[in-house]
Amino acid sequence: MNQKSGQRPIDFDPKWDDETETASYFETLKTHQEASQRELISRNKEPEELAYCLADAAHSLALQFFEQVGNDFETSCKSGCSYCCHQPATVFAFEAIRIARELKNSLTSDDLKFLEETMVARVNDFKGSSVGKQINNKAACPLLTNHQCSVYASRPLTCRLAHSFSVKKCRQAFEKDRNLVQIPVALELLSAVSGIIEAVYGGLPGAKLDANLYELSSAVLVALSQPDAASKWASGDRSIFRNCIKDDT
Ligand code: SF4
């Protein structure tokens, strides 16, 4: 797992002990999360501040593991290539809170209003169908601007899963049926990043926090429009995102 792999085709390194390595990431991430949550809670922060601190802590811990794993690979992904941003995206509640905060701090009120309208249109487009079934919806993510993610540093973990060793295959998948084109990926990277997501998914309920994955636009809209979304999430309220489209894949 620690050897430099360079350009990786789809082959699977038989030396990679998927189960052991992934379980190890789970355990370490959980331990760090629990310690951070205890430390943050013990500081008696105001609820909203606590929400952001927990969101930041959970995100940065997960990122730390992603970097550890992702740095072992050199993918074909480059700035300005955005085929993978033309399909549904999902977020954890804490990521939606984090993204909403960044958007409020960086956009003008007119730009924010335009973004919200775009997100409402996207949610309406998705309604009545699961995120999984929307895989061939080729509309751009509302957060994509000039082929760049406008919240790149805060992009969701599920977006960090996306990688490829062939731009040609990504283009074909975009132009045809995604289900019929296989993108060459590193199974080790997918396993490890999925492990991080699973760790978050499994770790937050222990702290009585909502750990569901939601369609990105529906969750960010809630976080943008409801001033108490962050504090409610931090207090363990599981109803705040209840009307968002859930990722049931
Ligand atoms: S959040 Fe950013 S990385 Fe994820 S799909 Fe949207 S534009 Fe792409």
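**Helix α8, a ligand shell and some loop residues**

I'll start with one residue: Lys-78 counts as exposed because it has 7 C-beta neighbours inside 10 Å. The classes here are buried for 20 or more other C-beta atoms within 10 Å of a residue's own, exposed for 12 or fewer, and partly exposed in between, with C-beta atoms placed from the backbone. What you see is a predicted model, in which local features need pLDDT of at least 70, side-chain atom pairs count only at pLDDT 80 or more, and totals for chains, interfaces and linings use all residues. Residues are numbered from 1 along each chain as its sequence is written.

Lys-78 sits in the loop between α2 (47–70) and β1. Its C-alpha is 9.9 Å from that of His-163, and the two residues are 85 apart in sequence. Pro-88 lies in the loop between α2 and β1 too. Is Pro-88 buried or exposed? Pro-88 is buried, because 25 other C-beta atoms lie within 10 Å. The C-alpha atoms of Pro-88 and Gln-134 are 6.6 Å apart, with their positions 46 residues apart along the chain.

Now the overall layout. The protein has nine helices and four strands; these are DSSP runs numbered from the N terminus, helices being H or I of at least four residues and strands being E of at least two. Along the sequence the order is α-α-β-α-α-β-β-α-α-α-β-α-α. There are 249 residues, and 33% of them count as buried. Among contacts between residues at least 6 apart in sequence, 81% join residues at least 24 apart. Contact here is two C-beta atoms, placed from the backbone, within 7 Å.

Next, helix α8. How many of the 10 residues of α8 are buried? Nine are, and the helix is mostly covered. The buried set is Leu-216, Ser-217, Ser-218, Ala-219, Val-220, Leu-221, Val-222, Ala-223 and Leu-224. The cover over these residues includes β1 (90–92), α3, α4, β4 (213–215) and α9 (229–234).

Two of those packings can be described in detail. In general, a pair of packed helices is described by the angle between the axes and the distance between them.

The axes of α3 (residues 93–106) and α8 (residues 216–225) come within 8 Å and cross at roughly 55°. That angle makes α3 oblique to α8. Axes are lines fitted to C-alpha atoms, for helices over the stretch in contact, and angles run from 0 to 180 degrees between N-to-C directions. Under 35 degrees is roughly parallel, over 145 roughly antiparallel, 65 to 115 roughly perpendicular, and the rest oblique. The crossing of α3 past α8 is right-handed; a crossing is left-handed if the near helix is turned anticlockwise from the far one by less than a right angle, and right-handed if clockwise. On the α3 side are Ala-93, Ala-96, Ile-97, Ile-99, Ala-100 and Leu-103, which meet Ala-219, Val-220, Val-222, Ala-223 and Leu-224 of α8. By class this contact has 11 nonpolar, no polar and no charged residues. Ala, Val, Leu, Ile, Met, Phe, Trp, Tyr, Cys and Pro count as nonpolar, Asp, Glu, Lys and Arg as charged, and the others, Gly among them, as polar.

For α4 (residues 109–126) and α8, the axes come within 9 Å and cross at roughly 140°. These two helices are therefore oblique to each other. The crossing of α4 past α8 is left-handed. Glu-116, Met-119, Val-120, Arg-122 and Val-123 in α4 meet Ser-217, Ser-218, Val-220, Leu-221 and Leu-224 in α8. This contact of α4 with α8 divides into six nonpolar, two polar and two charged residues.

One more link to α8: Val-222 and Asn-243 are 21 residues apart in sequence and 8.9 Å apart in space, C-alpha to C-alpha. Asn-243 is in the segment after α9 and counts as exposed, with 12 C-beta neighbours inside 10 Å.

On to the ligand. Which residues are around it? They are Cys-85, Ala-89, Cys-141, Leu-143, Leu-144, Cys-149, Val-151, Arg-155, Pro-156 and Cys-159, where a residue is near a molecule if its C-beta atom, placed from the backbone, lies within 6 Å of it. The shell has nine nonpolar residues, no polar and one charged.

Last, backbone angles. Asn-146 is in the loop between β2 (144–145) and β3 (148–149), and its phi is near 50°, a positive value in a residue other than glycine. Asn-146 is exposed, with 7 other C-beta atoms within 10 Å. His-147, in the loop between β2 and β3, has phi near 65°, also positive in a residue other than glycine. His-147 counts as exposed, with 12 C-beta neighbours inside 10 Å.
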